[in-house]
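Got the viewer open? Let's take a walk through this one together, starting wide and then zooming in.

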Amino acid sequence: MDFRCSTLNAFALLLNNIMKNNSYHLCFALNGDEKSLEINPGISALELLRDVLDLKGTKEGCGIGECGACTIVVDGQAVNACLMFAAQLDGRQVMTVEGLSGQDDLHPIQQSFAEQHAVQCGFCTPGVLMSTHALLEEKPNPSRAEIVKAVAGNLCRCTGYQSIVAGIESAVGGCQREKNED
Ligand code: FES
Ligand code: FES
């Protein structure tokens, strides 16, 4: 049996098992904490975060992968939580906007957004922050074009794009300073 065939069989078995039991045991790391819980296998990662774990920072806009309001970071990549099954988070490192800052202080990206007035109604902001975090982890010193590309999937209904890009540009130095201090 070749690798692809055995992988497909394993996936079919898993799917069968999930549907039969209508329950899935999910283990993953969320904002640095280990989570282990039984979930309905049909729920999305967004439903898991907002409805099961009561983390309301991740927003639901379109629900179909168009607006980026639900952006979270999974294994370092910015992804739309509305497009993932919660079960796909198994074994992965997940970060939401709640994990960005400490108890008492803002993350440098949040601080820069506040200083550059990059927040209007704020609905898109958690998603933009998470896309920015993923970008700066991968490219600590991105060009303006790379910044624009990184947040191209995050729609801002208040159309504050110039301030958002300015906020990200100003966050670049802050994130580097924080890393140097660690
Ligand atoms: Fe997920 Fe719009 S709610 S992309
Ligand atoms: Fe209102 Fe972006 S600040 S949607």
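What follows goes from the overall layout to a pair of helices, and then to a few single residues.

Keep in mind that this is a predicted model. The chain has 182 residues, and 35% of them are buried. Its secondary structure adds up to 6 helices and 5 strands. If you trace them along the sequence, you get the order α-β-β-α-β-β-β-α-α-α-α. As for how the fold connects up, take the contacts between residues at least 6 apart in sequence: 61% of these link residues at least 24 apart.

Now zoom in on helix α3, residues 108-115, and helix α4, residues 125-138, whose axes come within 10 Å of each other. How do the two helices lie relative to each other? Their axes cross at roughly 125°. Angles from 65 to 115 degrees count as roughly perpendicular and those over 145 as roughly antiparallel, so α3 and α4 end up oblique to each other. The handedness of this crossing is right-handed.

Which residues make the contact? From α3 come I109, Q110 and F113, and they meet T125, L129, T132 and H133 of α4. Sorted by type, the residues of this contact are 3 nonpolar and 4 polar, with no charged ones.

Let's stay with α4 for a moment. This helix runs for 14 residues, and its first and last C-alpha atoms are 20 Å apart, close to the 20 Å expected at 1.5 Å a residue. It is also mostly covered, since 12 of its 14 residues count as buried. The buried set consists of T125, P126, G127, V128, L129, M130, S131, T132, H133, A134, L135 and L136. Over in α3, the buried residues are P108, I109, Q110, S112 and F113.

T125 is worth picking out, a residue in helix α4. Is T125 buried or exposed? A residue needs 20 or more other C-beta atoms within 10 Å to qualify as buried, and T125 has 24, so it is buried. Beyond its neighbours within four places in sequence, T125 is in contact with F113 and V119. There is also a long jump in sequence here: T125 and A69 sit 56 residues apart along the chain, yet their C-alpha atoms are 7.6 Å apart in space.

Right beside A69 in numbering is C70, in the loop between α2 and β3. Although it is a loop residue, C70 is buried, because it has 27 other C-beta atoms within 10 Å. Leaving aside neighbours within four places in sequence, its contacts are L46, T58, K59, E60, G61, N80, A81, C82 and G127. G127 is one of the buried residues of α4, so you can step from this loop straight back to that helix. C70 and L83, 13 residues apart in sequence, have their C-alpha atoms 9.2 Å apart.

Next, jump to helix α6, residues 161-181, where you'll find G167. This glycine counts as buried because it has 26 C-beta neighbours inside 10 Å. Setting aside residues up to four places away in sequence, G167 touches S112, F113, Q116 and A118. S112 and F113 are among the buried residues of α3. The C-alpha atoms of G167 and A118 are separated by 6.0 Å, with their positions 49 residues apart along the chain.

Finally, check the backbone torsions. Most residues other than glycine have a negative phi. Which residues have a positive one here? Two cases are D54 and H117, with phi near 60° for D54 and near 55° for H117. D54 is in the loop between α2 (45-52) and β3 (71-74), and that is also the loop that holds C70. H117 comes just after α3, in the loop between α3 and α4.

Are D54 and H117 buried or exposed? The cut-off for exposed is 12 or fewer other C-beta atoms within 10 Å. D54 has 7, so it is exposed. H117 has 12, so it is exposed too.

How values were computed:
Residues are numbered from 1 along each chain as its sequence is written. Chains are lettered from A and ligands numbered from 1 in the order in which they are written. This is a predicted model: local features need pLDDT of at least 70, side-chain atom pairs count only at pLDDT 80 or more; totals for chains, interfaces and linings use all residues. Axes are lines fitted to C-alpha atoms, for helices over the stretch in contact, and angles run from 0 to 180 degrees between N-to-C directions. Helices (H or I, at least four residues) and strands (E, at least two) are DSSP runs, numbered from the N terminus. Angles under 35 degrees count as roughly parallel, over 145 as roughly antiparallel, 65 to 115 as roughly perpendicular and the rest as oblique. A crossing is left-handed if the near helix is turned anticlockwise from the far one by less than a right angle, and right-handed if clockwise. Two residues are in contact if their C-beta atoms, placed from the backbone, lie within 7 Å. Ala, Val, Leu, Ile, Met, Phe, Trp, Tyr, Cys and Pro count as nonpolar, Asp, Glu, Lys and Arg as charged, and the others, Gly among them, as polar. The expected span of a helix is 1.5 Å times one less than its number of residues.
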